[in-house]
Amino acid sequence: MEFPRLKRSTLPWILEVIVSAIVRCLYRVKTGGTENLPSGGALIASNHLSYVDVIALQLACPRPLRFVGYRGLLESHPFYRWLFKISGAIPISSDNALTSTREVVKYLKQGDYVVVFVEGAISRTGQLMKIRRGFELMAKTAQVPVVPVFHDGLWGSIFSFSGNRYLFKSPRIMRTHVFVAWGKPIDPAEASPERLRRELLDLGEYAFHQRPQLKRNLAREVVRGLARRPWRVEIIDRTAERKVVKAGQLLAVAAALSRHIRRTIPDRRVGIVLPPGAGASIANLAVLCAGKVPVNLNFTAGRAAIEASLRLGQVSTIISAKAVQAKVKDFPWPAGTLDLASEIKALGGKKAILPWLLGAWLVPNQWLANWLGLPKQGDQQEAGLLFTSGSSGEPKGVVLTHRNILSNCWQISSLCILPDTATMLACLPVFHSFGFTVTLWYPMMRGCHVVTVPSPLDTRRIIDAIREEQATVFIGAPTFMRPLFKRAEPSDLKSLDLVVSGAEKLPQDLYEEVKAKFHIEILQGYGLTETTPAANINQPNPALPDTPTAEAQTAKKQGWVGRMMPGMTARIFHPETMAELPLTEQGIVAFRGGNVFGGYLDNPEKTADAFHDGWFLTGDLGRFDDDGFLAIEGRLSRFSKIGGEMVPHGTIEQRIIDTLELDQSEGYVVAVMGVPDPSKGEALVLLSTIEIPPNELRDKLLATGLPNLWVPRLIQKVDAIPVLGTGKIDLKGCKDLALAVAEV
């Protein structure tokens with residue numbers, strides 16, 4: 001396509017050559033979608049991540065670009081006045097919006113490309129911020145299309161605000177890969193902030209997928225990460241006696257064991273039944289380095305579920321420990337069950353491990369990975385197999401690829417909430433997707449060290465570990481957090497900088513109690529096994545830079561689960577018709593991204609049910625706000641359709657808890673379930689650990705304004721509400737209890 005040139009370059013050619021040469025030394029800019037660029041004038045709507053965005057966009061565009069800049073900069077310093085003048089940038093100000101708009105429209109009508117950073121400022125979170133209005137008026141007035149463009153790769157560079165500072169951070173040694181994705185033109189009559197946000201998120205997901213590091217092999221990346229810091233403490237294991245394991249030691253033992261596994265275990269997948277700790281880290285890394293797939297099994301599930309998992313995963317060999325086997329007696333241990341300590345001893349002791357330890361100390365990390373025979377690429381190959389909790393049915397095998405795990409690790413790293421200086425308390429089981437990705441692989445890759453406690457139920461040991469090891473990060477489910485914060489004193493947890501809640505909705509009373517007693521704000525996140533798992537998270541608000549024009553930016557919102565991870569995009573679908581809805585309307589939340597799995601193991605029917613037009617259906621009802629924060633209203637399976645109305649179980653449960661002032665500090669007290677009803681479609685059954693008179697409950701709930709249709713018809717006292725090992729309510733177990741009540 002022939003593009004008309006501007007009468008004058010937007011940069012003097014000498015300066016353009018010099019700047020381009022410098023930028024090309026620092027960045028490797030690639031682009032896609034340039035065929036979408038129109039031949040006439042267009043308003044280019046871009047995200048904003050750094051001071052060098054303008055240069056990256058110009059290098060990726062075949063035509064000269066004019067940029068819209070904040071007038072306050074022009075007036076604040078002679079340097080900015082000079083920069084605006086030589087670049088042909090258009091100053092704009094909210095104080096004189098009409099004049100600014102007319103100036104932009106003038107250039108658009110003469111056929112120029114004018115770039116507007118639609119967030120209004122450089123993002124200080126690394127995520128897409130709120131889309132500011134104004135761009136649509138410019139496009140409609142000039143009658144030119146809006147072309148969305150998203151660039152990925154500049155966040156984290158010295159010119160971005162990652163790490164809460166501009167410029168003053170270590171530059172990257174290698175050239176940074178930057179990808180610029182150009183979208184299809186949007187007719188000016190259809191341009192809106194909601195439409196543009198959706199298009200930018202889609203382009204961001206596409207651009208993120210172009211990162212070359214996502215094609216790499218997970219085992220190779222972990223080995224290289226450990227070999228870069230062999231003397232640093234990697235794990236403080238508090239399973240029995242306190243044991244300090246350095247990165248080089250962990251790598252050496254895993255490397256030696258991997259050779260043994262490769263020789264002696266013919267199976268493609270190897271089961272692992274170990275609590276979080278040094279043993280689980282060594283076993284998982286050794287299996288992966290042996291070219292096999294680690295399968296961390298849920299030893300808290302019922303025998304039938306475990307047997308189904310072993311059969312589905314074709315697992316005949318399990319690595320465990322004698323203490324675990326003695327404790328979990330009902331586990332269907334196969335004949336090929338190996339004791340980790342015995343297998344390490346069988347290697348030949350220190351003689352087998354010492355060469356690898358010396359290699360970790362002395363040999364370049366790339367060479368060490370080569371000696372282990374680790375391929376450079378893993379990409380879409382299987383790197384781990386986890387099984388869903390089975391909270392609402394039989395376990396399904398979730399295949400996680402190298403790309404899935406590497407994507408989620410890079411997404412978490414880009415948010416800078418888990419830097420290499422962090423000390424993370426790891427108590428979530430490794431068979432849980434969060435324990436598998438965030439507290440197992442991420443620390444070994446990125447450098448933060450972990451303090452491990454074998455069970456999230458061991459409250460006293462967790463409190464002692466946080467206090468004695470000065471842990472700075474704690475992540476868990478509200479079910480496990482309640483007893484911890486109830487028994488701990490402020491002095492026990494004073495080292496914590498970050499507390500993240502997930503797996504279930506964060507109760508408002510727990511949030512307020514912790515904030516009042518400990519001055520700690522629990523940040524809520526969201527994810528699923530199928531998203532590897534982190535999909536959304538609130539994060540601390542970024543610092544306000546020392547510039548006169550800077551405005552505060554929001555990175556957290558109470559009651560919401562945060563913005564999506566970088567490189568993810570979303571849709572909202574109607575729960576019945578599956579018609580696409582605006583992102584701000586309630587419906588089924590659907591995701592797409594590098595961290596989203598490709599399908600269930602050997603189960604094409606379940607896989608087909610989990611996707612709609614290429615979008616993974618989470619099964620949760622939710623909506624986004626204009627800032628990009630997601631609110632989860634509840635699982636679709638936790639709604640009953642009664643008389644044509646969708647009735648939310650979670651809302652009713654919370655209303656009962658608040659109305660009766662029930663204490664949940666020791667666990668779940670009530671659970672509402674739906675059962676078939678011939679007349680209204682479904683009826684509600686309340687399971688409760690305390691005696692609740694039906695008439696009294698009805699009167700009190702109706703007095704609070706709860707609709708009559710939402711009041712549970714049947715109440716059954718139970719000894720305990722069924723709970724899974726991950727802390728989530730066991731929906732299948734509750735359903736069985738409710739059905740039994742309905743049949744009586």
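In what order do the nine strands of the open sheet with mixed pairing lie? The views below start with that sheet and then turn to a helix pair and a strand with its partners. This is a predicted model, in which local features need pLDDT of at least 70 and side-chain atom pairs count only at pLDDT 80 or more, while totals for chains, interfaces and linings use all residues. Residues are numbered from 1 along each chain as its sequence is written, and side-chain values use heavy atoms, with hydrogens and water left out.

**View 1. The open sheet of nine strands and a helix lying across part of it.** The order of the strands is β9-β8-β17-β16-β18-β19-β20-β21-β22, where strands are DSSP runs of E with at least two residues, helices are runs of H or I with at least four residues, and both are numbered from the N terminus. The edge strands, each pairing on one side only, are β9 (243–246) and β22 (563–564); two strands pair if DSSP finds at least two bridges between them. Strand β8 (residues 233–237) runs antiparallel to β9 and is joined to β9 by four bridges, with Asp237 having Lys243 in β9 as its bridge partner. Helix α18 (residues 459–469) lies across β8, β16 (423–426), β17 (449–452) and β18 (473–476), and runs at about 165° to β16.

**View 2. The packing of helix α9 (residues 247–264) on helix α14 (residues 350–362).** The two helices pack at an angle of about 130°, with their axes 8 Å apart, the axes being lines fitted to C-alpha atoms over the stretch in contact, and angles running from 0 to 180 degrees between N-to-C directions. Residues of α9 in the contact (heavy atoms within 4.5 Å) include Leu251, Ala252, Val253 and Arg259, and those of α14 include Ile353, Trp356 and Leu357. By class, the contact of α9 with α14 has ten nonpolar, two polar and one charged residues.

**View 3. Strand β27 (residues 615–624) and its antiparallel partners.** Nine of the ten residues of β27 are buried, that is, under 20% relative accessible area with a 1.4 Å probe, counting protein chains only. Strand β25 (residues 587–593) is joined to β27 by four bridges, and Ala590 stands opposite Leu617 in β27. With strand β26 (residues 611–612), β27 forms a hairpin that has two residues between the strands, and Asp613 in the turn has a positive phi of about 55°. A hairpin also links β27 to β28 with five residues between them, where Gly628 in the turn has a positive phi of about 95°.

Key:
Nonpolar A, V, L, I, M, F, W, Y, C, P; charged D, E, K, R; others polar. Buried < 20%, exposed > 50% of the residue type's maximum accessible area, 1.4 Å probe, protein only.
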